[in-house]
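Me: I'd love a close look at one part of this chain, followed outward into whatever surrounds it. Could you walk me through it in one go?

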Amino acid sequence: MPQQVRGVVARAKGQPVSVETIVVPDPGPGEAVVRVQSCGVCHTDLHYREGGINDEFPFLLGHEAAGIVETVGEGVTDVAPGDFVILNWRAVCGKCRACVKGKPWYCFNTHNAAQPMTLADGTPLSPALGIGAFAEKTLVHSGQCTKVDPTASPAAVGLLGCGVMAGIGAAINTGGVGRGDSVAVIGCGGVGDAAIAGARLAGATTIIGVDVDDRKLEWAKGIGATHTVNAKSGDPVAAIQELTGGFGADVVIDAVGRPETWKQAFYARDLAGTVVLVGVPTPELAVELPLIDFFSRGGALKSSWYGDCLPSRDFPYLVDLYQQGRLDLDAFVSETIDLDGVEQAFERMHRGDVLRSVVVL
């Protein structure tokens with residue numbers, strides 16, 4: 001039977017969220033109901049609340065989550081009740097042109113649950129990124145569930161569901177950081193610090209964190225930055241070049257997503273170096289660049305979608321590294337809160353006071 005649970009709902013653009021009763025239907029074919037144990041407060045959820053994604057209100061927010069599979073629908077064989085899973089918002093279809101080409105991390109036809117969750121009065125909810133996990137339980141497509149080590153901390157490993165995976169993947173998957181490389185990361189929030197962690201995992205020897213907030217630069221050092229640059233104190237491009245023998249970094253990752261930071265990334269890389277854009281720009285932003293500069297510097301300019309990750313490959317691997325003490329996911333958890341604390345967590349995130357607030361149920 002459908003279940004009534006508590007969830008965090010954004011009813012109108014720019015209005016505070018509220019905790020309301022939502023109805024979770026029984027899973028249909030290919031679907032699963034997951035009892036949520038943790039869900040990180042991601043900036044994308046704030047974008048939804050502000051109408052920056054679309055206007056399909058009301059939204060059931062939350063998407064960076066881990067939990068226990070409770071029930072599954074017909075035909076589900078990849079997960080079973082009792083499995084501990086991290087939820088992902090790119091459940092690959094296996095049939096689109098990207099999947100057929102052997103690049104499923106670019107899947108153009110990802111799966112979501114077919115049935116809607118609703119408010120108590122029957123109003124359909126739009127789940128954030130097809131997940132909606134600021135709730136005691138949520139309905140997803142079974143392909144959005146990735147089974148991992150059940151002894152891992154949900155609050156820590158659930159962050160792989162979005163921001164931490166985006167940053168680590170930007171360094172390792174998209175940027176191709178390798179042993180001995182120099183890496184600069186512009187923007188040392190949750191995603192940027194995850195990119196620093198990814199660069200460290202990949203064997204980079206020089207890892208430069210760039211930000212305008214000294215608190216964030218200290219966080220970056222704790223995650224693995226070997227050097228930091230406060231962009232308020234001078235030209236960050238010149239500082240990165242100075243720290244890399246005058247050449248620029250092999251890989252520069254823009255975790256902010258603004259024209260000025262992207263240009264800094266472009267000019268702070270070495271000749272034939274790589275720029276990775278993982279910070280999400282708003283639609284009106286544009287970059288103007290002399291074409292000769294693009295031609296003469298060579299290299300690659302890339303954007304990173306969800307860290308170009310393949311959840312079935314990357315989540316278990318990274319959880320194993322966490323369990324071995326080689327990836328400190330706990331360092332990203334600034335605080336744990338309950339469902340009633342999400343609105344205040346948005347305010348702390350907006351001020352830059354936290355890497356991640358995590359709802360724990």
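Me: In which loop is Leu160 found?

Reply: Happy to. One caution before starting: this is a predicted model. Leu160 is found in the loop between helix H3 (154-157) and helix H4 (163-174). With a relative accessible area of 0%, Leu160 is buried. Once its neighbours within four places in sequence are set aside, Leu160 is in contact with Ile86, Met165, Tyr306, Phe315, Leu318, Val319 and Leu329. For a sense of distance across the model, take Asp340: its C-alpha atom is separated from that of Leu160 by 23 Å, and the two residues are 180 apart along the chain.

Several of those contacts lead to other places worth visiting. Ile86 belongs to strand S6 (84-87), and the loop between strand S5 (64-72) and strand S6 holds Asp83. Lys147 forms a salt bridge with Asp83, and their closest N and O atoms are 3.5 Å apart. Lys147 sits in strand S10 (residues 145-147), so this pair links distant parts of the chain, 64 residues apart. Asp83 counts as buried, at 12% relative accessibility, because the cut-off for that label is under 20%.

Tyr306 and Phe315 point the other way along the chain. Tyr306 falls in the loop between strand S16 (300-303) and helix H10 (311-323), while Phe315, Leu318 and Val319 fall within helix H10 itself. The loop between S16 and H10 is also the place of Asp308. Phi of Asp308 is near 45°, a positive value in a residue other than glycine, and Asp308 is buried, with a relative accessible area of 5%.

Trp305 lies in that loop too, and it brings in the aromatic side of the story. A pair of aromatic rings is described by the distance of the centres and the angle of the planes. For Tyr106 and Trp305, the ring centres are 6.0 Å apart and the planes stand at 80°, so the pair is edge-to-face. Tyr106 comes from the loop between helix H2 (97-100) and strand S7 (118-119), 199 residues away from Trp305, and the pair links distant parts of the chain. Neither ring belongs to a buried residue: Tyr106 is partly exposed at a relative accessible area of 28%, and Trp305 is partly exposed at 41%. A search of the whole structure finds seven aromatic pairs. Ring pairs also link Tyr48, Phe57 and Phe59 into a cluster. Phe57 has a second feature to check, since a cis peptide bond with omega of about 0° joins Phe57 and Pro58. Pro58 is found in the loop between helix H1 (43-49) and strand S4 (59-60).

Going back to S16, this strand is part of an open sheet of six strands, in the order S13-S12-S11-S14-S15-S16, with parallel pairing. S16 stands at one edge and strand S13 (227-230) at the other, each with a single partner strand, so one side of each is left without a neighbour in the sheet. Neighbouring strands of this sheet are turned by 20° against each other on average, direction ignored. Further inside the order, strand S14 (residues 249-254) is joined to strand S15 (residues 269-277) by five bridges, and the two run parallel. One of the paired residues is Asp254, whose bridge partner in S15 is Leu277.

Strand S15 takes in Arg269, which gives you a cation to look at. The charged end of Arg269 sits over the ring of Phe266, 4.6 Å from its centre. Arg297 lies over the face of Phe266 as well, at 5.8 Å from the ring centre.

To finish, some charged pairs from elsewhere in the model. The count of salt bridges comes to 14. Among them, the side chains of Glu260 and Arg258 meet at 2.9 Å, N to O; Glu260 counts as partly exposed at 40% relative accessibility, and Arg258 is partly exposed at 38%. Another joins Asp353 and Arg351 at 2.8 Å, N to O. Asp353 counts as partly exposed at 29% relative accessibility, and Arg351 counts as partly exposed at 49%. Salt bridges that share partners join Asp213, Arg215, Arg351 and Asp353 into one network.

Notes. Residues numbered from 1 in each chain as written. Predicted model: local features only at pLDDT ≥ 70, side-chain atom pairs only at ≥ 80, totals over all residues. Heavy atoms only, no water. Phe/Tyr/Trp six-rings, centres within 6.5 Å; stacked < 30°, edge-to-face > 60°. Helix = DSSP H or I, 4+ residues; strand = E, 2+ residues; numbered from the N terminus. Buried < 20%, exposed > 50% of the residue type's maximum accessible area, 1.4 Å probe, protein only. Lys NZ or Arg CZ within 6 Å of the ring centre and 35° of its normal. Pairing = 2+ DSSP bridges. Axes fitted to C-alpha atoms, helices over the stretch in contact; angles between N-to-C directions. Contact = heavy atoms within 4.5 Å. Salt bridge = Lys/Arg side-chain N within 4 Å of Asp/Glu carboxyl O.
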